[in-house]
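Here are my notes on the chain contacts and on one helix pair. Please read them beside the model.

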Amino acid sequence: MTTFLLGAAAFILGTVTLGLVRILRGPGNADRMLAAQLLGTGGVAALLLLGVATGVGAVSEVGLLLALLAAFGSVAFVTGGGRSSDASAADTRGAARSEPE
Amino acid sequence: MTSALVVDAALVLLVLGLALWITAARAAYGAAVGFVAYGLLLTLVWVRLAAVDVAMTEAALGSGLTGLLLLGAAARLAPYEADEHRRRPGTVLRVLVGVLCAAIAAGLAAVVLLLPDPAPSQALAVAAHLPATGLGNPVTGVLMAYRAVDTLLESVVLVPALIGVWSLSTEMGWGGRPGFLTPCRSGSALPLLARVLPPFGILVGIHLVWAGADDPGGKFQGAAVLAAMWILVMVAGLREPPPVSDRLMRFLLVVGPLCFIGIGAAGIRLAGAFLAYPEAYAKPLILAIEAGLTISVTAVLGLLLAGPPVPEPQYQRQSRRRS
Amino acid sequence: MSGTTLFGLCAAALVGLGLYGLICQPGALRKILAFNLIGSGVFLLFGVIAQRGGGVLALAGTGADGDPVPQALVITGLVVAFAATAIAVTLLVRLAETSARGTLEGDEPPAPESSDARRT
Amino acid sequence: MRLALDLFTIVAVTLGAIFFLAGTVGLLRFPDTLTRLHALTKADNLGLGLVVLGLLPQATAPLGWIGLIAVWLLALLSGATVGQLLAEAVRPPEWDQTRTPDAPPVGHPNAPEASSHD
């Protein structure tokens, strides 16, 4: 059972690693954010699998923390940091759709 | 345990790949997104290293709050990024620096491979003396008893850090509200999240502080979660950040360190040394310090992210534009 | 090779990568990111040492945790690193707002009336 | 009994892993951001949900169960919100007024595909 759970954790980590190609390719920052979000969920799943497999206590609490703060990256993305004075028209949408190159 | 090794190798590859991306990406925003994912993976690494306390700190601070900070900064700095690429050093210099950095990394790797076996450790000494503090979590024991001076200095140093951030305000801005976290523009989903999530988050945060005496967790982890919830409420526009001249808030910022110093000074009389606890009251005193520190660290972390104060007219303008 | 050693080597590589980024990336925010990479590499080294130090506990049969002393140091270090990053980022945003650039090179001095630039 | 529970774990975790694979493939192959968002939220909700479901028989009752289920519920909540926020951020501005005839077939702007399933 332990081997299976560890294997599943490695598999999920591997798939979300593939998803990281989205971080490299973009094209927009929103797509990069999506890849980070998928990595977040996959990371939580792998964490829970690891925790049950290795019997480390309190791992589900770490997962709870990660799930609690999972939305923060996207919240920061959407609020765009609140540009202080200049060019606020390009704020969220500009950050969201600007091409990297 | 070879299957565990496969997981570890996958994790290491992921971490290194992301670190490479953070270093090499062209745009700072993409690198900051990578850093959010990187913090999350480090949490997994800490769990694999059997350091659940550290994993919790990394999850709350490293991936949650630092991500918010860096993404916000990257969005603000994007207009100034264009001329950076011109200033990149030449190829020869980069190769030279690369070789030097590789040499340093190789030296560190050699140190890792040559670490003495069996490893020197203070784990047994901590385990032997832990019952005297009444605590069950050795990490909390180290933080609050054996290396209490470290923890005291750390909680004190957070306050000058906040003063440093505040002092970057303009002259007109002093005394106003912090200006980094102007409420977001989108009308629907974020305020809902900021209403539903904080009750759970506050519960988890207080649970972490309380359970930290015996199980993994503690004041820093709990305070980071509480600060994150506060920031969420401010970003969603449900509450404004307090003006930096607010006296109650200033008191909350220092109540933890004051409590720590006060109890520590009382230790000179009662237990014979600064920061020593009389054995019969060790646990209640530690809990009192932890409660005070939780309040202060929460306030400091939240306000560090909220940035320097801006003049009231500018704050109102930003809020209106966003809502 | 054990997983702990693997993480130790990973930490060494992170320090090297971060150092390279710190020196070679012109953007100041990139330098902050690179500095955080170095920091996380150093913290991971502490974690590896803590994990190895926990071997004594396993021998004594009292559990599989690591050595708590380095772990506690890392926890305080993470909080202080966050505070330092917050100061650096705020400083950088102010620098960019007053002098309209995101690098640290000082060959073109900022305009003298910079403190009013934010209120317009 | 133990065997049946283990079998249940294996089936559910495998299904969850397949959803993660599907989400990743969708993230890489789908043509635009809104469809990728759709793929992502499937992996979020169903993938993690099935993994949690599969781990329930292996966890210690009842505290372990509460922890696992709470993780999933929180992931659902943040997944749903993130879907809304990102969809709102990347929605083309012209959708706010009228539906252009050559709009990409990803659903009506007022009922975006990406957030309708949670």
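1. In this predicted model, chain B brings 60 residues to its contact with chain A, and chain A brings 50. On the chain B side, six helices are listed with at least two residues each: H1 (2-24), H2 (28-48), H3 (52-77), H8 (189-211), H9 (219-235) and H12 (312-322). H3(B) gives the most, with 14 residues.

2. What is the make-up of the side of chain B that touches chain A, by nonpolar, polar and charged residues? The split is 40 nonpolar, 14 polar and 6 charged.

3. Chain B also meets chain C. Here 75 residues of chain C are in contact with 88 residues of chain B. On the chain C side, helices H1 (3-24), H2 (28-53), H3 (55-60) and H4 (68-99) give two or more residues. H4(C) gives the most, with 22 residues. The chain C side divides into 44 nonpolar, 22 polar and 9 charged residues.

4. Within chain B, look at H7 (148-166) and H11 (282-306). Their axes come within 10 Å and cross at roughly 25°. The angle is under 35 degrees, so H7(B) and H11(B) are roughly parallel to each other. The crossing of H7(B) past H11(B) is left-handed.

5. Which residues make the contact between H7(B) and H11(B)? H7(B) uses B:Ser155, B:Leu158, B:Val159, B:Ala161, B:Leu162 and B:Val165. H11(B) answers with B:Leu293, B:Ser296, B:Val297, B:Val300, B:Leu303 and B:Leu304. By class, this contact has 10 nonpolar residues, 2 polar and no charged ones.

Technical notes
Residues are numbered from 1 along each chain as its sequence is written. Chains are lettered from A and ligands numbered from 1 in the order in which they are written. This is a predicted model: local features need pLDDT of at least 70, side-chain atom pairs count only at pLDDT 80 or more; totals for chains, interfaces and linings use all residues. Two residues are in contact if their C-beta atoms, placed from the backbone, lie within 7 Å. Helices (H or I, at least four residues) and strands (E, at least two) are DSSP runs, numbered from the N terminus. Ala, Val, Leu, Ile, Met, Phe, Trp, Tyr, Cys and Pro count as nonpolar, Asp, Glu, Lys and Arg as charged, and the others, Gly among them, as polar. Axes are lines fitted to C-alpha atoms, for helices over the stretch in contact, and angles run from 0 to 180 degrees between N-to-C directions. Angles under 35 degrees count as roughly parallel, over 145 as roughly antiparallel, 65 to 115 as roughly perpendicular and the rest as oblique. A crossing is left-handed if the near helix is turned anticlockwise from the far one by less than a right angle, and right-handed if clockwise.
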